[in-house]
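Trainee: I have a set of chains open and want to work through the contacts and charge pairs. Can you take my questions one by one?

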There are 4 protein chains.
Amino acid sequence: MTETIGFIGLGNMGSPMAINLLKAGYNMRVYNRDLSKTQTLVDAGAKRGVRPSDVVEHGGIVITMLANDEALEAVTLGIDGILTHLSPGGIHISMSTVSPDLARKMQKLHEQQGCHYVAAPVFGRPEAAAARQLWIAEAGHPEAKKRVRPILDALGQGIFDFGEEAANANVVKISGNFLLASAMEAMGEAFTLGEKNGVERTKMYELFTQTLFACPAYKSYGKRIAEKNFEPVGFTMQLALKDINLVLDSAKEVVSPMPLASHLSNRLLSGIARGRSDRDWSELSRGVLDDAGIE
Amino acid sequence: MTETIGFIGLGNMGSPMAINLLKAGYNMRVYNRDLSKTQTLVDAGAKRGVRPSDVVEHGGIVITMLANDEALEAVTLGIDGILTHLSPGGIHISMSTVSPDLARKMQKLHEQQGCHYVAAPVFGRPEAAAARQLWIAEAGHPEAKKRVRPILDALGQGIFDFGEEAANANVVKISGNFLLASAMEAMGEAFTLGEKNGVERTKMYELFTQTLFACPAYKSYGKRIAEKNFEPVGFTMQLALKDINLVLDSAKEVVSPMPLASHLSNRLLSGIARGRSDRDWSELSRGVLDDAGIE
Amino acid sequence: MTETIGFIGLGNMGSPMAINLLKAGYNMRVYNRDLSKTQTLVDAGAKRGVRPSDVVEHGGIVITMLANDEALEAVTLGIDGILTHLSPGGIHISMSTVSPDLARKMQKLHEQQGCHYVAAPVFGRPEAAAARQLWIAEAGHPEAKKRVRPILDALGQGIFDFGEEAANANVVKISGNFLLASAMEAMGEAFTLGEKNGVERTKMYELFTQTLFACPAYKSYGKRIAEKNFEPVGFTMQLALKDINLVLDSAKEVVSPMPLASHLSNRLLSGIARGRSDRDWSELSRGVLDDAGIE
Amino acid sequence: MTETIGFIGLGNMGSPMAINLLKAGYNMRVYNRDLSKTQTLVDAGAKRGVRPSDVVEHGGIVITMLANDEALEAVTLGIDGILTHLSPGGIHISMSTVSPDLARKMQKLHEQQGCHYVAAPVFGRPEAAAARQLWIAEAGHPEAKKRVRPILDALGQGIFDFGEEAANANVVKISGNFLLASAMEAMGEAFTLGEKNGVERTKMYELFTQTLFACPAYKSYGKRIAEKNFEPVGFTMQLALKDINLVLDSAKEVVSPMPLASHLSNRLLSGIARGRSDRDWSELSRGVLDDAGIE
């Protein structure tokens, strides 16, 4: 493989993903706002850019893995942004968790410039990224998806296609985070009910995750919630609130009431008000304990 | 095996369970308020009683599998109830989903009479009961649990022990139903958000149940919710409301706020107000569609 | 006036009410479970009974002002209860806040015995009771209501009639407490939003209670909530929870979802879990502060 | 009085307000995006501008009464906006219901240009505006407030001062709309509980609004809710949702969970999903009826 990929955003997730692409044999140019984070990749063979546009080739492929809508706009638009340097025929694989609304705008802008915007947000924590065990929801133009398929295969263990509208993949991604947070709230309430009745939280956890809820979401987050041990931090309360707010924004836009999402928003907000902004999002379940007057 | 078991309550769940015990070689006496439902068991070799006490032997074992607290009290207490005929040394295996509060009272009453009350509520639909694939949460006196173990093994695929307090098993059971209903609400909201954004519900279902939520609860109920096809009815809205109310009653008693359980109570109540009382409880997710103005 | 009234229940509310009836010229027999509380009334001219039935005359009038359903049942039914001694033609004026369901049963039982049950729950704190400024919701048989009218006039400043079904008056009473608690929650959220934005709580209170919300409910409770000063205790969190639960029980019975009532139930429960059981119910608004991480 | 006031925004509220200023003797220049709406004012003596800046005098006073943040930005900023034409020493009285966040930005921008931004949002329906019975919450620079006081006096029946931070007045305004919507939800739930118990809604309304809740908010909105008659439309569901969302946005910004506001947001969203976007906001209470399965 001789294709060169531009990779922008080398955080907890982006860094191991970029490493995997290097390992898979791709040439790579990397950019990160905080340049110091590029060193690992440079050591592994990537070239460093100092502006987003530096890592983009006309007609090439660039991947972005960023924290939020603002960051994606910042590296895509403007004089040093990737958009103008990418066309024609280039593909922007946007793997960040951003709003469906921004995905719609981005897809349109890219098409107007003669290139493609493929949304490919991922499910999985940094360990999963490192182990190539991400799950990917993709959506975008069929030709573009076909071309980027080998790249996505090098990053994850499974790809789910959601059609041509890029925004669809983002709807699915934020829905997934909503489902996870919902499961945490439910376990938090159930285990606390148990505890106050004199039942061991971990015993309940064992039954449920060996039977009806024998799946990664309940096993991984349930363990933390049952044991009230929320270390290490994988994904912060603050970021979780951002995502639940993306859910609520989309719900508002398409006029679809989501009372459970609203509750989660307040739960997270309350945790943040109590100083847990940078704690793991599973700690939202601590709100149940607060309300029940226990620790 | 020559032990004779009394079995009371031959509904959708109790009937296949009793059949399995017959198949396992136990002698059996059966009672059901509606006597006609005993015929299948009698044809299979059981003896029919016309009062609850008819199926009880002094020092023997009796299983109850009934609809609610009232039914359990009705067959246990009173002149024809099983309690007085069971002692001394007998064991009452109570497999119904009843309130932790009633379990506490029952355990005490049985102990006062010199016999044991083992709570052993089950997880699983009628098909699972027939296939001996129930999961059982048990709690009660250690000796009693030891004696009834072969019987429970003949009914389910796994037993989880929750100590000596019978009520604990019931707390776990109602918590499980709460977790299931929570998952349904969450999927209902997520799939509807998707639908209103133009994403296929079943596509979302596929991704989630093959990845983070690859477990029986999400697979079985999620399919119904994604497809909006709630047939056949396995467990009614009305019974689900009963169980969520048991959760809320227990939460009130132990002073543990459960906002998600409260929401589910209102969701079910609203479905019942719209005439869905006898529909499957997964149809609680239709409330999300109602609120979103779609079908 | 020479009519003798039996009065049962001399708590914070009952005591000043009974005093007012003595002042109005009625003869009175009083009963209270804790007999020591009868002394004030006896000093003022009432006769003391040692059993509920002692204060009842055949065909006479008895008033009950008690804490809850259980207390009302205890003094009404049974061998020393008022019901058997009251008939025929007697009237039981039930002024306690009890469940509509109990009111239905009581009215039926009284009618079966040839006497009347008039529900006449009141709005107002102990000071209002002392000042004859209670508001009364009444319901029951027309003849009975006519006969007791002078008595109720001696207790309150206004009477609202809700027809012949006694339970109706109780529905109205518990709905009133629900409306009050709802207003407290709303003010709690609004004033805290203000505070966190740098707006003085008391300034907001002033605007609202001089304009749109210039009424006793907002003025009296709003002042406490704005100033975060919940002393003295007029009506406890525990009793408020009892009433909101009566609302939810009735809502369940008539199949009418009440999400705001559910929320209030959790709000009160959480306050109680934090040790505020005997604090004034306006302190439910402290839950908003807890959630916002401020004092 | 010879001062000339610029007035922008002649909708249901702005039009009667402008008329009152003309009546009070002010000279007036008016602008409205839909110019046809200026005719009434022109007939009454005002001069018409065709751009926002046309109605502004250097150092003068301009009032804006617009639908939302976007509209306020549109007339204030930009080449034809009022801001550049107003300074130095001019005052912009912003009476619209806008976000506290925008008020903060606007105040800063105006100060940078050497003029003042006074927030003066109002409480009251169009009838109240016509009758000079608005209540006004004001905040801004003391000098500016002093100069505009006679103008505000000509528009309302009372002015409440919230200090120097313009945004504070907007926090109060949106909090007021939140309190109103909360009261509607509460009454909706209470009256429906009554109805399903067989109690007349209007009877409940009468008791509550003659006693604890004898105030304009409960009297005016309660009547509609009790009678289920939501005509005529004074303030639409869509605008109410906008305001509740301003509340939630501010709550998010200052990290203050507001579960009741979240619920109202979903209630309004659901009404809009059912096609009630342009109905009166008191019709949010119809959601309670929907949930209860009645009309």
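Trainee: What is the count of salt bridges between chain A and chain B?
Mentor: Keep in mind that this is a predicted model. The rule needs a side-chain nitrogen of Lys or Arg within 4 Å of a carboxyl oxygen of Asp or Glu. Between chain A and chain B, the salt bridge count is zero.

Trainee: How many residue pairs are in polar contact between chain A and chain B?
Mentor: Polar contacts follow another rule, a pair of N or O atoms within 3.5 Å. Both residues must be at pLDDT 80 or more, and between chain A and chain B the count is 15 residue pairs.

Trainee: Which element gives the most residues to the side of chain A that touches chain B?
Mentor: The elements that give two or more residues there include β8 (134-138), β9 (156-161), α8 (166-197) and α9 (201-210) of chain A. With 20 residues, the top contributor is α8(A).

Trainee: How do the residues on that side of chain A divide by class?
Mentor: The contact takes 59 residues from chain A and 59 from chain B. On the side of chain A, the charged class holds nine residues and the polar class 13. The nonpolar residues number 37.

Trainee: What area do chain A and chain B bury between them?
Mentor: Carbon and sulfur atoms carry 74% of that area. A:Leu179, A:Leu193 and A:Leu212 supply 14% of what chain A buries against chain B, more than any other three residues. The area buried between the two chains is about 5000 Å².

Trainee: Now chain B and chain C. What area is buried there?
Mentor: This contact takes 14 residues from chain B and 14 from chain C. Carbon and sulfur atoms give 67% of the buried area, which is about 1100 Å².

Trainee: Which three residues supply 43% of the area that chain B buries against chain C?
Mentor: No other three residues of chain B supply more of that area. Across this interface there are zero salt bridges, and four residue pairs are in polar contact. The three residues are B:Lys252, B:Asn266 and B:Leu269.

Trainee: Which element gives the largest share of the side of chain B that touches chain C?
Mentor: Two elements give two or more residues there, α11 (237-253) and α12 (259-273) of chain B. By class, that side has eight nonpolar, five polar and one charged residues. The largest share is seven residues, and it comes from α12(B).

Trainee: Why does the span of α12(B) agree with what is expected?
Mentor: α12(B) has 15 residues, and at 1.5 Å a residue they should span 21 Å. The expected span uses one less than the number of residues. The helix agrees because its end C-alpha atoms are apart by 21 Å.

Trainee: How many of the residues of α12(B) are buried?
Mentor: Buried means under 20% relative accessible area. After the helix comes B:Gly275, whose phi is positive, near 95°. The helix itself is mostly covered, and of its 15 residues the buried ones number 14.

Trainee: How many salt bridges are there over all chains?
Mentor: Side chains of opposite charge can pair when their charged atoms come close. One such pair is B:Asp161 with B:Lys145, the closest N and O atoms being 2.8 Å apart. Over all chains, the count of salt bridges comes to 86.

Trainee: Which residue forms a salt bridge with A:Glu185?
Mentor: The closest N and O atoms of the pair are 2.9 Å apart. A:Glu185 lies in helix α8 of chain A and its partner in helix α12 of chain A, so the pair ties together parts that are 82 residues apart in sequence. A:Glu185 is buried at 0% relative accessible area, and the partner also counts as buried at 7%. That partner is A:Arg267.

Trainee: Is C:Lys145 buried or exposed?
Mentor: C:Lys145 forms a salt bridge with C:Asp161, the closest N and O atoms being 2.8 Å apart. C:Asp161 is partly exposed, with a relative accessible area of 32%. The cut-off for buried is under 20%. At 8% relative accessible area, C:Lys145 is buried.

Terms used
Residues are numbered from 1 along each chain as its sequence is written. Chains are lettered from A and ligands numbered from 1 in the order in which they are written. This is a predicted model: local features need pLDDT of at least 70, side-chain atom pairs count only at pLDDT 80 or more; totals for chains, interfaces and linings use all residues. Side-chain values use heavy atoms; hydrogens and water are left out. Contact means heavy atoms within 4.5 Å. Buried area is the accessible area (1.4 Å probe) that two parts lose on being put together, summed over both. A polar contact is a pair of N or O atoms within 3.5 Å; within protein, one must be able to donate a hydrogen and the other to accept it, and residues adjacent in sequence count only if both atoms are side-chain atoms. Helices (H or I, at least four residues) and strands (E, at least two) are DSSP runs, numbered from the N terminus. Ala, Val, Leu, Ile, Met, Phe, Trp, Tyr, Cys and Pro count as nonpolar, Asp, Glu, Lys and Arg as charged, and the others, Gly among them, as polar. Buried means under 20% relative accessible area, exposed over 50%, partly exposed in between (1.4 Å probe, protein chains only).
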